[in-house]
Amino acid sequence: MFKGLGQLGDMAKMMKQAQEMQSKMAEAQKTIEQLEIFGESGGGLVKVTTNAKGIVKKLDIDETILSASEKEVVEDLIVAAIKDAQEKAIEKTKSEMSKITADMDLPDAIKDKLF
């Protein structure tokens with residue numbers, strides 16, 4: 001007869017955890033959008049600043065490589081710098097999200113799907 005009450009308590013606990021996680025995830029998303037990630041290529045000749053979502057915010061190209069004959073090299077360096085920043089952004093995002101879920105009693109399979 002009282003067995004159902006235990007299940008309701010478990011369900012309430014799960015709902016509370018879900019609400020806490022949702023709140024923490026929203027906070028993390030705001031934090032991630034504000035983080036600055038720096039990528040570079042060509043030994044620092046091209047530098048890119050992104051947020052942790054990989055959105056490019058700034059591009060800095062050393063003027064010594066700006067010549068018509070180096071156009072393809074510069075384009076390749078820009079792409080490489082953006083890729084570098086985006087890869088770092090992915091890792092930073094995973095790191096931030098794992099901090100949030102670390103203290104939650106969730107199976108690893110669920111944590112992995114969150115990010």
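Helices here are DSSP runs of H or I with at least four residues, numbered from the N terminus. I keep that in mind for methionine 11, which I find in helix 1 (residues 3-34). I also note that this is a predicted model.

**Entry 1: methionine 11 and its patch**
I looked up how open methionine 11 is. Its relative accessibility is 45%. Partly exposed covers the range between 20% and 50%, so methionine 11 counts as partly exposed. I then checked the surface around this residue. Met11, Met14 and Met15 form a nonpolar patch there. Together the three have about 320 Å² of accessible area.

**Entry 2: the fold in outline**
I stepped back to the whole chain. I count three helices and three strands. Along the sequence the pattern reads α-β-β-β-α-α.

**Entry 3: the sheet**
Next I traced the strands. The three of them make an open sheet in the order 1-2-3, and the pairing is antiparallel. Strand 1 (37-41) and strand 3 (56-61) are the edge strands, each pairing on one side only. From one strand to the next, the twist averages 15°.
I took a look at the pairing of strand 2 (residues 46-50) with strand 3. Five bridges join these two antiparallel strands. Valine 48 stands opposite leucine 59 of strand 3.

**Entry 4: threonine 49**
Is threonine 49 buried or exposed? I find this residue in strand 2. Its relative accessibility is 11%. Buried means under 20%, so threonine 49 counts as buried.
Which residues does threonine 49 contact, leaving aside neighbours within four places in sequence? I list Glu36, Ile37, Phe38, Ile55, Val56, Lys57 and Lys58. Of these, Ile37 belongs to the range of strand 1 (37-41). Val56, Lys57 and Lys58 fall in the range of strand 3 (56-61).

**Entry 5: helix 2 over the sheet**
I followed helix 2 (residues 71-101) next. Helix 2 lies across strand 1, strand 2 and strand 3. Relative to strand 1, helix 2 runs at about 145°.

**Entry 6: totals for the chain**
I closed with the overall numbers. The chain has 115 residues, and 26% of them count as buried. Its exposed area is about 8300 Å². Carbon and sulfur atoms supply 56% of that area.
I also checked the contacts with a separation of 6 or more. Residues 24 or more positions apart account for 48% of them.

Notes. Residues are numbered from 1 along each chain as its sequence is written. This is a predicted model: local features need pLDDT of at least 70, side-chain atom pairs count only at pLDDT 80 or more; totals for chains, interfaces and linings use all residues. Side-chain values use heavy atoms; hydrogens and water are left out. Buried means under 20% relative accessible area, exposed over 50%, partly exposed in between (1.4 Å probe, protein chains only). Contact means heavy atoms within 4.5 Å. Accessible areas come from the Shrake-Rupley method with a 1.4 Å probe; for residues, only the protein chains shown count as cover. Two strands pair if DSSP finds at least two bridges between them. Axes are lines fitted to C-alpha atoms, for helices over the stretch in contact, and angles run from 0 to 180 degrees between N-to-C directions. Patches are made of residues with over 30% relative accessible area and no salt bridge: like charges are joined within 9 Å, nonpolar side chains (Val, Leu, Ile, Met, Phe, Trp, Tyr) within 5 Å. A salt bridge is a side-chain nitrogen of Lys or Arg within 4 Å of a carboxyl oxygen of Asp or Glu.
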